[in-house]
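Welcome! Please take a moment with the sequence and the 3D view, and then let us walk through them together.

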Amino acid sequence: MARITVLISGSGTNLQALLDAQKQGKLNHDITHVISSSETAYGLIRAQQNSIPTTTHLLKTYYKGIPKEQTKERQQRREQFNLDLANLLIYGSIEGETDPKEGYIKPDLIVCAGWMLILSPTILQPLEKAGITIINLHPALPGAFDGTHAIDRCWKAGQDGEITKGGVMIHKVIAEVDRGEPILVKEIDLIKGEPLEQYEKRVHEVEHVAIVEGTNIVLNQLK
């Protein structure tokens, strides 16, 4: 079975969709580790409830004591954060640690399921050399609304009559944010007059299906 590491930053509903699919036999591979960029992410609890090892990797600890005005120093600390994340993903440990995190297994696939930080070439290039594929869930169609707040921006464009379709995609992760090759795309109708909360609910429902289907597509390609 292929081994999957899931990256999260928040509630972990898409992680839960993967966990449910695994239990139902719809994802015939092992989620072996969950890494979060937030120590308060509820997704950590979801993983622990399913006996999946977890690790937190917090950017704020790297910035601690460095004011925002000290941009050069903060850039250097962010680069160290990136280097450490790459090592954590590949080896299960960061520089200066002799042993991997308890229960860590090198993944065949990394799934970004609500991971809110940009993955730079400092992270992506070592993963590529290690033969690890990485994919992301993004709540917009290819080439539309890259980056943050995609749901809100798409909904507003629909309400303004600029577009009639939103969507969700699973794509390969490259240095350009949300510009990697699409693996799976699902369109969602934009309804004039629909509240943002209702559109967001519909998007999340589609996400929970797409992340399982997209993960399976990639896993089948890895065989």
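The paragraphs below go from strands to cores and then to charged pairs. Please keep in mind that this is a predicted model.

Let us begin with strand E1, which spans residues 3-8. Is this strand largely enclosed or not enclosed by the rest of the structure? Five of its six residues are buried, so E1 is largely enclosed. Strand E1 pairs with strand E2 (residues 30-36) in the parallel sense, and six bridges join the two. To find this pairing in the view, look for Arg-3, which stands opposite Asp-30 in E2. E1 also runs parallel to strand E4 (residues 109-112), with four bridges between them. Here a handy marker is Ile-4, which stands opposite Leu-109 in E4.

Now follow the chain through helix H1, which covers residues 13-23. Together, E1, H1 and E2 make a right-handed β-α-β unit. Within helix H1 you will find Gln-16. Its relative accessible area is 17%, and because buried means under 20%, Gln-16 counts as buried. What does the side chain of Gln-16 make a polar contact with? Its partner is the side chain of Arg-46, at 3.2 Å.

Next, the nonpolar cores. In soluble globular proteins, nonpolar side chains tend to be buried together. The largest nonpolar core in this model has 37 residues, and the members that touch the most others are Val-6, Leu-18, Ile-31, Val-34, Ile-170 and Ile-211. Which helix gives the most to this core? Helix H7 (residues 196-222) does, with eight residues. Leu-18 is a good place to zoom in: beyond its neighbours within four places in sequence, Leu-18 is in contact with Val-6, Leu-27, Ile-31, Val-111, Ile-211, Val-212 and Thr-215. There is also a second, separate core of 21 residues, including Ile-123, Leu-127, Ile-132 and Ile-134.

Finally, let us turn to the charged residues. Side chains of opposite charge can pair when their charged atoms come close. How many salt bridges does a search of the whole structure find? The search finds nine, and three of them are described here.

In one salt bridge, the side chains of Glu-39 and Lys-60 meet at 2.7 Å, N to O. This pair links distant parts of the chain, 21 residues apart: Glu-39 is in the loop between E2 and helix H2 (42-49), while Lys-60 is in helix H3 (residues 59-63). Glu-39 is partly exposed at 41% relative accessibility, whereas Lys-60, at 52%, counts as exposed.

Another salt bridge joins Arg-179 to Asp-146, where the closest N and O atoms are 2.6 Å apart. Again distant parts of the chain are linked, here 33 residues apart: Arg-179 is in the loop between strand E6 (165-172) and strand E7 (182-189), and Asp-146 is in the loop between strand E5 (133-138) and helix H6 (150-159). Arg-179 is partly exposed, with a relative accessible area of 47%, and Asp-146 counts as partly exposed at 22%.

Our last stop is the salt bridge between the side chains of Lys-165 and Asp-189, at 2.3 Å, N to O. Lys-165 lies in strand E6 and Asp-189 in strand E7, so this pair ties together parts that are 24 residues apart in sequence. Lys-165 is partly exposed at 35% relative accessibility, and Asp-189 is partly exposed at 43%.

How values were computed
Residues are numbered from 1 along each chain as its sequence is written. This is a predicted model: local features need pLDDT of at least 70, side-chain atom pairs count only at pLDDT 80 or more; totals for chains, interfaces and linings use all residues. Side-chain values use heavy atoms; hydrogens and water are left out. Buried means under 20% relative accessible area, exposed over 50%, partly exposed in between (1.4 Å probe, protein chains only). Two strands pair if DSSP finds at least two bridges between them. A crossover is right-handed if, with the strands pointing away from the viewer, the path from the first strand over the helix to the second runs clockwise. A polar contact is a pair of N or O atoms within 3.5 Å; within protein, one must be able to donate a hydrogen and the other to accept it, and residues adjacent in sequence count only if both atoms are side-chain atoms. A nonpolar core is a set of buried Ala, Val, Leu, Ile, Met, Phe, Trp, Tyr and Cys residues joined through side-chain atoms within 4.5 Å. Contact means heavy atoms within 4.5 Å. A salt bridge is a side-chain nitrogen of Lys or Arg within 4 Å of a carboxyl oxygen of Asp or Glu.
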